[in-house]
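Good morning, and thank you for coming. I would like to take you through one protein structure, beginning with a single residue and ending with the spaces inside the fold.

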Amino acid sequence: MHFDLIQSISLAGSTATPNDDRCGATSQTAWMIDGATDLGPPGLMGNQPGAAWLAATASRAFAAAEADALPDILDHVFARTAAAYAAGRTRDPVDDWELPSAAFLAVALTDRTLDLAWLADCACLVLRDDAAMRLGPQPSADETEQARVHAAGAERPLAMLRGQRMRPGRYILGVDPAHRAFVEHLRVPVAPGDEILLMTDGMAALVDDYGMPVDAFIAMLRAEGLPSLATRLRTIETEDHDRIRYPRFKRSDDATALWLRIAD
């Protein structure tokens, strides 16, 4: 079995800042990377924001991996990313909150199984006929609640976000290869004709935060494709310009999706 690419899309949250998302696929593997928005000005990695640097570096490492098994691919990615940081940083970080970090989710086909690996909050849907199964990390309301607290004036957002970056137990794709040991794994059976949809949380927000039913989401995907879902996403965010109905730190997050079909 192998992956056929159906569609992919990636939108920056704002045209004024780089897109911190990356995705890619080969015939047997696919990956989604969501760089964590920088909480200070560029400088650690030169003039490039750390999140964009990390997402691009990790995506190149996934694409260059020569291994077939997902654990071996991840060993390569974490090692390459750490080495690139050591070679490319221009100074010491101000504190650990400045270290580039990202959520990721990767999949690989092995015989008639789909291997998954992830850290943090990228989303994966497996579609079979009219059914959708969500695998990997499940939706969380934590960030929405933090945004609601900020909107109420209870806490300064930058200090809160920097503190969150440094909390114990936050394991991510980043520049510390020790986080490789905390990657979560899952293996599920799949069959030719199954579809795989990988998304960053910026795209999954349609379902997770903005109340679009999963069946309506899948129906629009199959009838109109990813561009229509992206248009719906940005329309909702534009209409809620002041972030009253849907509390969030940014009006629009980077939003990326990769739609694959398994072929025999």
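Let me begin with a definition: a residue counts as buried when its relative accessible area is under 20%, as exposed when it is over 50%, and as partly exposed in between. Please keep in mind throughout that this is a predicted model.

Is Thr-113 buried or exposed? Its relative accessible area is 19%, and a residue counts as buried under 20%, so Thr-113 is buried. Thr-113 belongs to strand β5. Its side chain has a polar atom 2.7 Å from the backbone oxygen of Thr-110. Leaving aside residues up to four places away in sequence, Thr-113 touches Met-1, Ala-108, Arg-187, Val-188, Pro-189 and Val-190.

A second buried residue deserves attention. Leu-198 sits in strand β10, which covers residues 195-199. Its relative accessibility is 0%, and therefore Leu-198 counts as buried. Which residues does Leu-198 touch, once those up to four places away in sequence are set aside? The contacts are Ala-30, Trp-31, Met-32, Leu-105, Val-107, Ala-123, Cys-124, Thr-256, Ala-257 and Leu-258. There is also a pairing to note across the sequence: Leu-198 and Gly-24 are 174 residues apart in sequence, yet their C-alpha atoms are 10 Å apart in space.

From single residues I turn to one helix. The helix α5 runs over residues 201-208. Six of its eight residues are buried, so that α5 is mostly covered. The buried ones are Asp-201, Gly-202, Met-203, Ala-204, Ala-205 and Leu-206.

Next come the charged pairs. How many salt bridges does the structure have? The count comes to 12. I shall describe three of them.

In one, the side chains of Arg-89 and Asp-92 meet, with N and O 2.9 Å apart. Arg-89 has a relative accessibility of 34% and so counts as partly exposed, while Asp-92, at 54%, counts as exposed.

In another, Arg-248 meets Asp-240, with an N to O distance of 2.8 Å. Here Arg-248 is buried, with a relative accessible area of 13%, and Asp-240 also counts as buried, at 9%.

The remaining example joins Lys-250 to Asp-253, whose closest N and O atoms are 3.2 Å apart. Lys-250 is partly exposed, with a relative accessible area of 35%. Beyond these pairs, Glu-195, Arg-222 and Arg-261 are joined into one network by salt bridges that share partners.

I now come to the spaces. Rolling a probe the size of a water molecule over the atoms shows where empty space is left.

The largest pocket holds about 1500 Å³ of space. Several elements give two or more residues to its lining: β3 (29-35), β4 (101-110), β5 (113-119), α3 (142-151), α4 (157-165) and α5 (201-208). Which of the elements gives the most to this lining? The answer is α3, with six residues. In total, 47 residues line the largest pocket, and those nearest its centre are Asp-121, Glu-143, Gln-146, Asp-201 and Asp-253. Two of these names have come up already: Asp-201 is one of the buried residues of α5, and Asp-253 is the salt-bridge partner of Lys-250. By class, the lining of the largest pocket has 20 nonpolar, 11 polar and 16 charged residues.

The second largest pocket has a volume of about 330 Å³. It is lined by 16 residues, and the closest to its centre are Thr-17, Pro-18, Asp-20, Thr-37 and Lys-250. Thus Lys-250, which forms a salt bridge with Asp-253, is among the residues closest to the centre of the second largest pocket. Its lining divides into four nonpolar, six polar and six charged residues.

Finally, how many cavities of 30 Å³ or more does the structure hold? There is one, and its volume is about 140 Å³. Of the 19 residues that line this cavity, Asp-38, Leu-39, Gly-50, Ala-51 and Glu-98 are the closest to its centre. By class, the cavity lining has 10 nonpolar, six polar and three charged residues.

To close, I would ask you to look once more at Lys-250 and Asp-253. They form a salt bridge with each other; Asp-253 lies among the residues nearest the centre of the largest pocket, and Lys-250 among those closest to the centre of the second largest pocket. Thank you for your attention.

Note on methods. Residues are numbered from 1 along each chain as its sequence is written. This is a predicted model: local features need pLDDT of at least 70, side-chain atom pairs count only at pLDDT 80 or more; totals for chains, interfaces and linings use all residues. Side-chain values use heavy atoms; hydrogens and water are left out. On a 1 Å grid over the protein atoms alone, a cavity is a set of points where a 1.4 Å probe fits but cannot get out, and a pocket is an open set with protein on both sides within 12 Å along at least five of seven lines; lining residues have an atom within 4 Å of a point. Grid points are joined across faces, edges and corners, and a volume is the space filled by probe spheres set on the points. Helices (H or I, at least four residues) and strands (E, at least two) are DSSP runs, numbered from the N terminus. Ala, Val, Leu, Ile, Met, Phe, Trp, Tyr, Cys and Pro count as nonpolar, Asp, Glu, Lys and Arg as charged, and the others, Gly among them, as polar. Buried means under 20% relative accessible area, exposed over 50%, partly exposed in between (1.4 Å probe, protein chains only). Contact means heavy atoms within 4.5 Å. A salt bridge is a side-chain nitrogen of Lys or Arg within 4 Å of a carboxyl oxygen of Asp or Glu. A polar contact is a pair of N or O atoms within 3.5 Å; within protein, one must be able to donate a hydrogen and the other to accept it, and residues adjacent in sequence count only if both atoms are side-chain atoms.
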